[in-house]
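Please look through the sequence and the model below before reading on. The paragraphs that follow move from strand pairing to a helix and then to the enclosed spaces.

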Amino acid sequence: MNITIFTGQVESKRIDFGTERIIQALEEEGYEVSLRDLPSSYEDYRRIEGEKIYLGLEDDGFISWLEAQEILIYHNGKPGQEGFYLVTCPSRLTLIAGGDETGVLYGCLELIDRIREDRRVPREMAFSDQPVFKLRGPAVGLQKTKIEPPRKTYEYPVTEGRFPWFYDKVMWLELIDHLLEERANILYIWTGHPFSSFIKLQDYPEALEVDEATFEKNREVFHWLTSECEKRGIWVVLNFYNIHIPLPFAQHHGLELLQSSIHPLVADYTYKSIVEFMRSFPHIGLMIGLGEALRGNQNKTRWFIDTIIPAVKEGIKAAELAEEPPIILRGHDCDPVAAMTEAIPLYDNLYTMWKYNGEGLTTYFPRGKWLDQHRKLSDLGTTHIMNIHILADLEPFQFNAPLFIQKCVQASSARLGGNALHLYPLFYWDWPYAPDKCQPRIKQLDRDWIWFKAWYRYAWNPWRNERDEKLFWREVMAQAYGLTSNQGKKLLYAMESIGQCAPKILGRIGITEGNRQTMSLGMTMSQLTNVVKYRPNKELWYSVATKGEQPDDYVVNELRDDIHIGETPLDMVVDVEFLADEALRIMEELVEELKQGSKVSEEIQRIYTDVKAIYLMSYSYTNKVKAALKILEYKYTMDDDLRGDLSLLEDALEPMEKSYNYYKDLKDLTDTTYLYACSMQTRQRKIPFTDGDAFGHWNACEPLYRKELEAFKKNLSKLQHNQFPNDQVEVIEFEPLMEAQYRVLTQDAQAYVIGKKEEIFTDCDWKIQNVAEEINGLKGIRVGLGKAISEGAEIEIELMEDAKILLGYMGGGGVEWLKVPDLETNTHADDRGGLACVYANAIKAEGCPPVNIHALDYEKGRHKLYFGTGGYMIAGIIKKDSTIMTRNADLAGEGPDTLDWLYEEVE
């Protein structure tokens, strides 16, 4: 069989690449392919014998002639951006008309699929398609699972020792060919600070973080990658955080590695880095994360407007670009609307990005403040990207629920105004490998192919008919795993059922939608019955979870005999247990069927293991919730001496024991199947236990849950024997804190001796009313509240020795008070160890909420302290080796009524 392909009238790497792919498909089916130019007279195309193919843009000369002659009629409209029209014209001419070069390429892929299905070029085609979402693609991290001191989170120079896969061109081709096959058109690459691994600056040679050989190799690989992506219609975008600087640059200039405010030297370095990077790699987009280290929304906006955008514009001149490359503003830990409002008049090709469900996947019913923020960004009129971010509630298991994903993409479009997709892998921090405990390591692209395929499919078109989609996925799963159609149906049902368990649990009882919670590792009883202690991110409940009640709300409403609105914790328990039961039942039935016929494949076995693990996790959670509701009822009905109906606590014991037993089974199962539960093992992981390195697996957490259960039993026994905590008041002697020597160098900040009747701010007369014994008499520092609120109060000090700075947060919720940084938004929040409160409710002052004291480690020398906007105080500076006895000073009236002592070991 002979076939002629007419070469197009436009020079295009993408059209050439599509042509090569068509030729390969035709030759595989036995065609002899010849290439030739179009006849000078278009009507003479008919004189070429046999079958013919033409690929071109819908407004080129030949296609325009076909339209004018009414040989080509678009029965459902001309193709738009990335769209194509595939049609059979007279004289056996197969035509691909693309709305742009990428559209032609996608038309080639469609024709190839049909050639392989029919084993020949089909006849009588008239088909068009184009994507709904403008951008569709994954995030890949040049980041690792653990910090490398003295570098901070995200700080990883690109070397073969850290990222051997970056230099693996075969792996890259597998990924970008996969993206092309799924019609994905963007590859987001995340780093903390990429410039120091890929460019040199004449003015700052000390900024280069890699050796000369690695530098040259990095540039060669990156040039090759971007070129290969360009052929496939894939746009490469590099993310970087602000303000992160290279370690050797910071050391050379005596600067902090992470810059919290705008330093002129750092601004000059960043500006020149962007210019040189764009000159070196002219077809790369940039994604800006203004948050993380840089504090204060005004600072972040100024950094974007005064440094980033001017640098990009200068880079355009240096690279002699005809068009502005895209800039994506990641609306994280900043005021993106304010920043974009100033940026839009300055730059045309701008995009915005905001997290869909935070750092997890919880619902396709987004609402609340997060919905409002999405709408504000999408209403700006630029392309708004849905960021499917860290999947903290799904790790480390597979998530093969495509119909759940479809609804999420539909909600992204219809409710949030999104028209682009940014997709994290399920185990982001350990890319490209999955967390399964096996050798050789499984690649995420292989294990989680349904996850990727579903998101890309629905980013192309989220509005496909759901009944048709059920048929599509059952057949896809059947073919992939060697199943019958009916077995594929069972597998899909099990996957959709088990896929809803983790999202439902987290949304109802979780602490946060961020990645400081490793959900699969469970939660402590204290985290369920004294949730305020763990600073819950309430937007999890109010923005990215089904409307309903948390355990405290439910119990209070029950005791008041109030009507319940939305989903209750017991509703969640019933639903999750049903879904887990159904999924496990169907999977066991499917596995048993497969055993009868042939060996169960490794892939099906892994899916079955995941279903069983999520089943055990779910039942561990639901039983713990049942126990927590009993304990909360006791908490809200006991008297001032902590006495109440002990039968409530007795009723809590059985579900607590069941919860632990399910967890122990989960630990035993995952001990042989998973390397770890979360992909990032750092101090950022706080729930259920602090330190993701020490508590990164179920086998590390199980002993603590066992201790919790045993402590509850012993404390319950004491109560049953009429021994209550308030019966004996323990006298505690506190060791005096040793003050460190320091000087205040900032004129508008004042050192003073902390005590009653002292003013807590320099610009108002609010006086200290009460102070904890440990803090009383220390030399503190006060700032102006007005400046602290408007722009943030910076204090420069000189420490004569290594020390701990006692930072006082006013525990109110208003914008006037400095907030304890959230690990959800600031990964560096705990770098100096100051995230945990050491003295709760330690100072009470006029006009202020109770003050909580946190201790931050600082080394000898000069420091500029900038914590962000909002009022705060320095409650003292003490020697680094001072002994701190953490406690609640109880100046806000709190006491043992939290019932946390129920779960603490009895001596």
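In this predicted model, strand S4 (residues 84-89) and strand S5 (residues 93-98) run antiparallel and are joined by 6 bridges. Within this pair, Leu-86 has Ile-96 of S5 as its bridge partner. In general, the strands of a sheet pair through backbone hydrogen bonds, in either a parallel or an antiparallel arrangement.

The pair belongs to an open sheet of 6 strands, whose order is S2-S1-S3-S5-S4-S6 and whose pairing is mixed. At its edges lie strand S2 (32-36) and strand S6 (126-129), each of which pairs on one side only. When direction is ignored, neighbouring strands of this sheet are turned against each other by 15 degrees on average.

A further set of pairings can be followed around strand S10 (residues 285-292), which is mostly covered, with 8 of its 8 residues buried. S10 pairs in the parallel sense with strand S9 (residues 235-242) over 6 bridges, and in this pairing Leu-238 has Leu-286 of S10 as its bridge partner. S10 also pairs in the parallel sense with strand S11 (residues 327-330), here over 4 bridges, and Gly-289 stands opposite Arg-330 in S11.

Among the helices, H14 (residues 449-460) has 12 residues and reaches 17 Å from its first C-alpha to its last, which is close to the 16 Å expected at 1.5 Å a residue. Is this helix enclosed or exposed, and why? Because 12 of the 12 residues of H14 are buried, the helix is largely enclosed by the rest of the structure. The cut-off behind this statement is a relative accessible area under 20%. The buried residues of H14 include Trp-449, Trp-451, Trp-455 and Trp-460, together with Phe-452, Tyr-456 and Tyr-458. Lys-453 and Arg-457 are also among the buried residues of this helix.

The last topic is the space enclosed within the model, where the count comes to 11 cavities of 30 Å³ or more. The largest cavity holds about 170 Å³ of space and is lined by 16 residues, of which Phe-397, Gln-398, Phe-399, Ile-498 and Ile-614 lie nearest its centre. Helix H16 (485-499) and helix H22 (602-637) each supply at least two residues of this lining, and the largest share, 5 residues, comes from H22. Sorted by class, the lining of the largest cavity has 11 nonpolar, 3 polar and 2 charged residues.

The second largest cavity contains about 130 Å³ of space. Of the 16 residues that line the second largest cavity, those closest to its centre are Ser-620, Lys-624, Ser-659, Tyr-663 and Tyr-705. H22 contributes to this lining as well, since at least two residues each are supplied by H22, helix H23 (646-671) and helix H24 (698-720). Which helix gives the most to the lining of the second largest cavity? That helix is H23, with 5 residues. By class, the lining of the second largest cavity divides into 10 nonpolar, 4 polar and 2 charged residues. Helix H22 thus takes part in the lining of the largest cavity and in that of the second largest cavity.

How values were computed: Residues are numbered from 1 along each chain as its sequence is written. This is a predicted model: local features need pLDDT of at least 70, side-chain atom pairs count only at pLDDT 80 or more; totals for chains, interfaces and linings use all residues. Side-chain values use heavy atoms; hydrogens and water are left out. The expected span of a helix is 1.5 Å times one less than its number of residues. Buried means under 20% relative accessible area, exposed over 50%, partly exposed in between (1.4 Å probe, protein chains only). Two strands pair if DSSP finds at least two bridges between them. Axes are lines fitted to C-alpha atoms, for helices over the stretch in contact, and angles run from 0 to 180 degrees between N-to-C directions. On a 1 Å grid over the protein atoms alone, a cavity is a set of points where a 1.4 Å probe fits but cannot get out, and a pocket is an open set with protein on both sides within 12 Å along at least five of seven lines; lining residues have an atom within 4 Å of a point. Grid points are joined across faces, edges and corners, and a volume is the space filled by probe spheres set on the points. Ala, Val, Leu, Ile, Met, Phe, Trp, Tyr, Cys and Pro count as nonpolar, Asp, Glu, Lys and Arg as charged, and the others, Gly among them, as polar.
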